Amino acid sequence: MCLICQRIELIKAGKNPYFVKELETGYVVIGDHQYFKGYTLFLAKEHVTELHHMETPAKFRFLEEMSLVQEAVAKTFEAEKMNIELLGNGDAHAHWHLFPRRAGDMKDHGLNGRGPVWWVPWEEMAAEDCQVKSHELEQMIKALSDELEKHLV
């Protein structure tokens, strides 16, 4: 079973502390690390490795819901710009990375916010001091869930 499927099983069992909301085609979760405050993922319910492996109606709905999720993330976490990626090189299960961006968020790398998030070394993004704290996590989940409700009506 892939890592994303394992995390979905934890959601179904009520044991994934990062879970925000279930949508028709996927699950919204707060990212384990928060180098970019508000980092969120949208995990496809269906285990597919590529968008083009989805049936067309499901694919279009998944894309539509991702758009709604990214808008809610942008508003909740006051993004100036959103970076959205569906990669799947590490975890071969369709899932979106939603990164709220702000001016100067990569200044420690001499980039002044210009460039993809992946220019920050993974070890730095996933460092212990970037792990989301439980009290912060609860606040983030509540805020994002409330904003999602506005977009899903």
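## Packing of H2 and H4

Helices H2 and H4 are oblique to each other, a class holding angles outside the ranges under 35 degrees (roughly parallel), over 145 (roughly antiparallel) and 65 to 115 (roughly perpendicular). H2 spans residues 56-76 and H4 residues 134-151; their axes lie 9 Å apart at an angle of about 130 degrees. The crossing of H2 past H4 is right-handed. Among the residues making the contact (heavy atoms within 4.5 Å) are Leu68, Val69 and Ala72 of H2, and Ala143, Leu144 and Leu148 of H4.

## Basis of the model

The model is predicted, with local features requiring pLDDT of at least 70 and side-chain atom pairs pLDDT 80 or more, while totals for chains, interfaces and linings use all residues. Numbering starts from 1 along each chain as its sequence is written, and side-chain values use heavy atoms, leaving out hydrogens and water.

## Salt bridges

The count comes to 12 salt bridges, each defined by a side-chain nitrogen of Lys or Arg within 4 Å of a carboxyl oxygen of Asp or Glu. One of them joins Glu9 and Lys12 at 3.7 Å, N to O; both residues lie in helix H1 (residues 3-12), three residues apart.

Arg61 of H2 meets Glu24 in a salt bridge of 3.0 Å, N to O. Glu24 lies in the loop between strands S1 (19-22) and S2 (26-30), so the pair ties together parts that are 37 residues apart in sequence. Arg61 also forms a salt bridge with Glu64, with the closest N and O atoms 2.6 Å apart. Glu24, Arg61, Glu64 and Glu65 are linked in a network of salt bridges.

Notes: Axes are lines fitted to C-alpha atoms, for helices over the stretch in contact, and angles run from 0 to 180 degrees between N-to-C directions. Helices (H or I, at least four residues) and strands (E, at least two) are DSSP runs, numbered from the N terminus. A crossing is left-handed if the near helix is turned anticlockwise from the far one by less than a right angle, and right-handed if clockwise.
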